[in-house]
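Here is a note to read alongside the structure, written as a set of numbered points. Please keep the view open and find each place as it is named.

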Amino acid sequence: MTSLPAQETHDDGTHLHGEYKVPGGKLVVVDLDVVEGRFANVSVSGDFFLEPDEALLDINTALTGLPAESPAGEIASAVKARLPESAVLFGFSAEAVAVTVRRALSKATGWADHQWDVIPPSVLPTPVNVALDEVLTEEVGAGLRNPTLRFWDWAEPSVVIGSFQSVRNEVDPEGVARHGVTVVRRISGGGAMFMEAGNCITYSLYLPQTLVDGISFADSYAFLDSWVMAALEKLGISAFYVPLNDIATDQGKIGGAAQKRLANGGMLHHVTMSYDIDADKMVEVLRIGKEKLSDKGTRSAKKRVDPLRRQTGLARAAIIDAMQEVFTERYGAVVSRLTDDELAEARKRVDTKFGTAEWLNRVP
């Protein structure tokens, strides 16, 4: 295909170029122009595999003429509709092409497009940790804070339940009272977490939703935790995702993730991994029924706890340091801290929301 001179083919005189490395797959590159609000002179390339050869032209043709404001889902659908049934895409997908196009348009971003901060662990009450997730996600969405990785720490034994869980179905009040456990509800979905000081590794990623633009809800979990898998690999642990949101090894589950997307464009990705959990105490505090375990291939909740301490032989702090090091090296992150204003706002929200019976029991 012969390109016309820039002044004749570009609405703004700028050639658009996007790249996307598929997690665990190949690099996809898109070059295109926007003419009168539609894609023109589209060229998709990369180190992927595609059969038959002619399918590449089908992809370019599918994209040509689409409105430049097309959402990722419509772009992917157009590509799928144009491809022959016999087409084989290896190392990429129609969705990956859509992400790449959106990046070319600056509608989607990559890790390298942002300055990342890392907040090392500092001991805070669990309700404050939960409130900070809301505060910092809002700030990133509003452009008031760089995208940030924050490691949690806490002192009191706690249970943090998911946004949509029922208190009476998840928590045993007798066990909570007997062990002096604080129960709080977070803003993200997912399951309950039993947390004693030093028994888990918990972190939160606060990011703009542009980072996962075009990536399916399910695929976004593994995408946002690819650096964690690399850190665990560095520690000698071969971990993988069990859809939707479990992190596991061949020896069992080691963690789970949860997410929340805000209307202002901010997003929370929250992960808790087992380090050295008291399984007997956990089953006294949490109601973990047979249905919960029915698709896990086990009949005992205790068997699901597979501490990182046993698999690595390392101190919890050493594992956190390794995780922070990998994240910093990959994304050029710099060490940051919670501001006085952020802490004050989080404590205010504990008083008005996260520490109230109304919030805790919003799903009785």
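**Notes on a predicted model**

1. W116 and Y331 are both buried, and this note starts from them, bearing in mind that the model is predicted. The rings of W116 and Y331 form an aromatic pair of the tilted kind, with 6.4 Å from centre to centre and 40° between the planes. A pair of aromatic rings is described by exactly these two quantities, the distance of the centres and the angle of the planes.

2. It helps to ask where the two partners, W116 and Y331, lie along the chain. W116 belongs to the loop between α4 (94-104) and β6 (117-119), whereas Y331 belongs to helix α13 (residues 316-331), so their pairing ties together parts that are 215 residues apart in sequence.

3. The pair also has company, since the structure holds 14 aromatic pairs. Ring pairs link W116 and Y331 into a cluster together with W111, F151, Y203, F223, W227 and F327.

4. Two other rings are worth finding for the charges placed over them. The charged end of R316 sits over the ring of W154, at 5.5 Å from the ring centre, and the charged end of K353 sits over the ring of W359, at 4.5 Å from that ring's centre.

5. Turning to the strands, please look for an open sheet of three strands, which has the order β9-β8-β10 and mixed pairing. The edge strands of this sheet are β9 (182-185) and β10 (193-195), each of which pairs on one side only, and the twist from one strand to the next averages 20°.

6. Strands of a sheet pair through backbone hydrogen bonds, and they may do so in a parallel or an antiparallel way. In which sense do β8 and β9 pair? Strand β8 (residues 158-161) pairs with β9 in the parallel sense, over four bridges, and V159 stands opposite V183 in β9. Helix α5 (residues 126-141) lies across β8 and β9, and this helix runs at about 10° to β9.

7. A last point concerns S70, which is found in the loop between α2 (55-63) and α3 (72-82). Is S70 buried or exposed? The relative accessibility of S70 is 4%, and because buried means under 20%, S70 counts as buried. If its neighbours within four places in sequence are left aside, S70 is in contact with I75 and R102.

Conventions: Residues numbered from 1 in each chain as written. Predicted model: local features only at pLDDT ≥ 70, side-chain atom pairs only at ≥ 80, totals over all residues. Heavy atoms only, no water. Pairing = 2+ DSSP bridges. Helix = DSSP H or I, 4+ residues; strand = E, 2+ residues; numbered from the N terminus. Axes fitted to C-alpha atoms, helices over the stretch in contact; angles between N-to-C directions. Contact = heavy atoms within 4.5 Å. Phe/Tyr/Trp six-rings, centres within 6.5 Å; stacked < 30°, edge-to-face > 60°. Buried < 20%, exposed > 50% of the residue type's maximum accessible area, 1.4 Å probe, protein only. Lys NZ or Arg CZ within 6 Å of the ring centre and 35° of its normal.
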